[in-house]
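These are my notebook entries on a single chain. I went through it from the overall fold down to individual residues.

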Amino acid sequence: SLREWTEPVNNFVYADVHGEFGYRYRGRIPLRTMANAWSPVPGWTGEHEWDGQIPFEQLPRARNPEAGFVVTCNNAPTGADYPYYINTFFAADFRARRITTRLQDLSEGATVPDMAAIHADRVSLPARVFIDRLKELRSSDPQVAQACEILLQWNAKMDRRSAGAAIYGTARSYLYEDVIKAQLGPMSEEALGAPSGIGRGAATHANQLYAEAVAAMAEDDVSCLDPDQNWPNLIERAIASAVSEL
């Protein structure tokens, strides 16, 4: 039924009355040269013309996988071994990882309340990374130190009445700004010029850079930062700005 689907590409999950279930990545995706993946290419020379489309049978899919479930959150649907170029812009894998963990915890099978709880999950995986790096911070600023204590006792749930969530959510925006400035230099003002301000609603590529920075922060990898920066310094500055704003 999806073979002739021509809407822009979409993720489909399905299940039927016989217990069959699965996932299909569906749409018409042209076969393009890899040069076309990274930057604009000349359209008048003929060397970058599309060469048909990815066959329906070879688009990403899963049917009755051994895990017993499928998860899709606009994250990349393929690994490095997939033979075709699809895209370079996908959502970060935080939601997919969190949902997968929650589903794996349901050893006795899933109920409707179980699934409702997963849909309402508010745990932030980037916040957990932020808190882990926070353990190295020793600030002489009493307000920053107090904010750190609140964050270290916080459960990383983005609840609307949570002081920890308010501090982290605000500090994250300032950390985002510093990361984008370090990675994009003089072009950062354009990336940070989104209508809703520091980071929120920014261009997809800027959000991807931040997602990669979170992964680097988890490993204490400072290669994405300016040479004189490290994660504790940036986090302290972000918290100080957040406290001042709040």
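**Entry 1. Helix 4.** I began with helix 4 in this predicted model. Eight of its 10 residues are buried, so helix 4 is largely enclosed by the rest of the structure. I listed the buried residues of helix 4 as Leu-125, Pro-126, Ala-127, Val-129, Phe-130, Ile-131, Arg-133 and Leu-134. I then looked up what they pack against, and found helix 2, helix 5, helix 6, helix 8 and helix 9.

**Entry 2. Helix 4 against helix 8.** I next examined how helix 4 (residues 125-134) lies against helix 8 (residues 204-218): their axes come within 9 Å and cross at roughly 40°. The angle makes helix 4 oblique to helix 8. I recorded the crossing of these two helices as left-handed. On the helix 4 side I found Pro-126, Val-129, Phe-130 and Arg-133, which meet Val-214, Met-217 and Ala-218 of helix 8. By class, the residues of this contact are six nonpolar, no polar and one charged. Arg-133 also appears in my list of buried residues of helix 4.

**Entry 3. Helix 5 against helix 6.** I turned to a second helix pair. The axes of helix 5 (residues 142-152) and helix 6 (residues 163-184) come within 9 Å, with a crossing angle of roughly 115°. I noted a left-handed crossing for helix 5 and helix 6. Ala-147, Ile-150 and Leu-151 of helix 5 meet Ala-163, Gly-164, Ile-167 and Tyr-168 of helix 6. I sorted the residues of this contact into six nonpolar, one polar and no charged.

**Entry 4. The loop between helix 5 and helix 6.** I checked Ala-156, which lies in the loop between helix 5 and helix 6. Ala-156 has a positive phi of about 70°, although it is not a glycine. I entered Ala-156 as buried because its relative accessible area is 1%.

**Entry 5. Nonpolar cores.** Which residues have the most contacts inside the largest nonpolar core? I found Phe-130, Leu-151, Leu-175, Ile-180, Trp-231 and Ile-239, in a core of 42 residues. Helix 4, helix 5, helix 6, helix 8 and helix 9 (231-245) are the elements that each give two or more residues to this core. Helix 6 supplies the largest share, 10 residues. I followed Ile-180 further: leaving aside neighbours within four places in sequence, Ile-180 is in contact with Gly-185, Ser-188, Ala-191, Leu-192, Ala-206 and Leu-209. I also noted a second, separate core of eight residues, which includes Tyr-23, Ile-29, Ile-54 and Ile-86.

**Entry 6. The loop between strand 3 and helix 2.** I looked up two residues here. Pro-77 is found in the loop between strand 3 (61-63) and helix 2 (94-104). I counted Pro-77 as partly exposed because its relative accessibility is 25%. Outside its neighbours within four places in sequence, Pro-77 is in contact with Tyr-23, Tyr-25, Pro-60 and Phe-90. One of these contacts, Tyr-23, is also listed for the second core. I then traced Pro-77 to Pro-142: the two are 65 residues apart in sequence, and their C-alpha atoms are 46 Å apart.

Asn-64 is found in the loop between strand 3 and helix 2. I noted a positive phi of about 50° for Asn-64, although it is not a glycine. At 31% relative accessibility, Asn-64 counts as partly exposed.

**Entry 7. Helix 7.** Is Glu-189 buried or exposed? I located Glu-189 in helix 7 (residues 188-191). Glu-189 counts as exposed because its relative accessibility is 68%. I also took the separation of Glu-189 from Gln-58: the two are 131 residues apart along the chain, with 40 Å between their C-alpha atoms.

**Entry 8. The whole chain.** I closed with the overall description. I counted nine helices and three strands, in the order β-β-α-β-α-α-α-α-α-α-α-α along the sequence. Taken along the principal axes, the C-alpha atoms fill a box of roughly 60 × 55 × 30 Å. Of the 246 residues in the chain, 36% are buried. Among contacts between residues at least 6 apart in sequence, 56% join residues at least 24 apart.

Methods
Residues numbered from 1 in each chain as written. Predicted model: local features only at pLDDT ≥ 70, side-chain atom pairs only at ≥ 80, totals over all residues. Heavy atoms only, no water. Axes fitted to C-alpha atoms, helices over the stretch in contact; angles between N-to-C directions. Helix = DSSP H or I, 4+ residues; strand = E, 2+ residues; numbered from the N terminus. Parallel < 35°, antiparallel > 145°, perpendicular 65-115°, else oblique. Left-handed = near helix turned anticlockwise from the far one by under 90°. Contact = heavy atoms within 4.5 Å. Nonpolar A, V, L, I, M, F, W, Y, C, P; charged D, E, K, R; others polar. Core = buried A, V, L, I, M, F, W, Y, C linked by side-chain atoms within 4.5 Å. Buried < 20%, exposed > 50% of the residue type's maximum accessible area, 1.4 Å probe, protein only.
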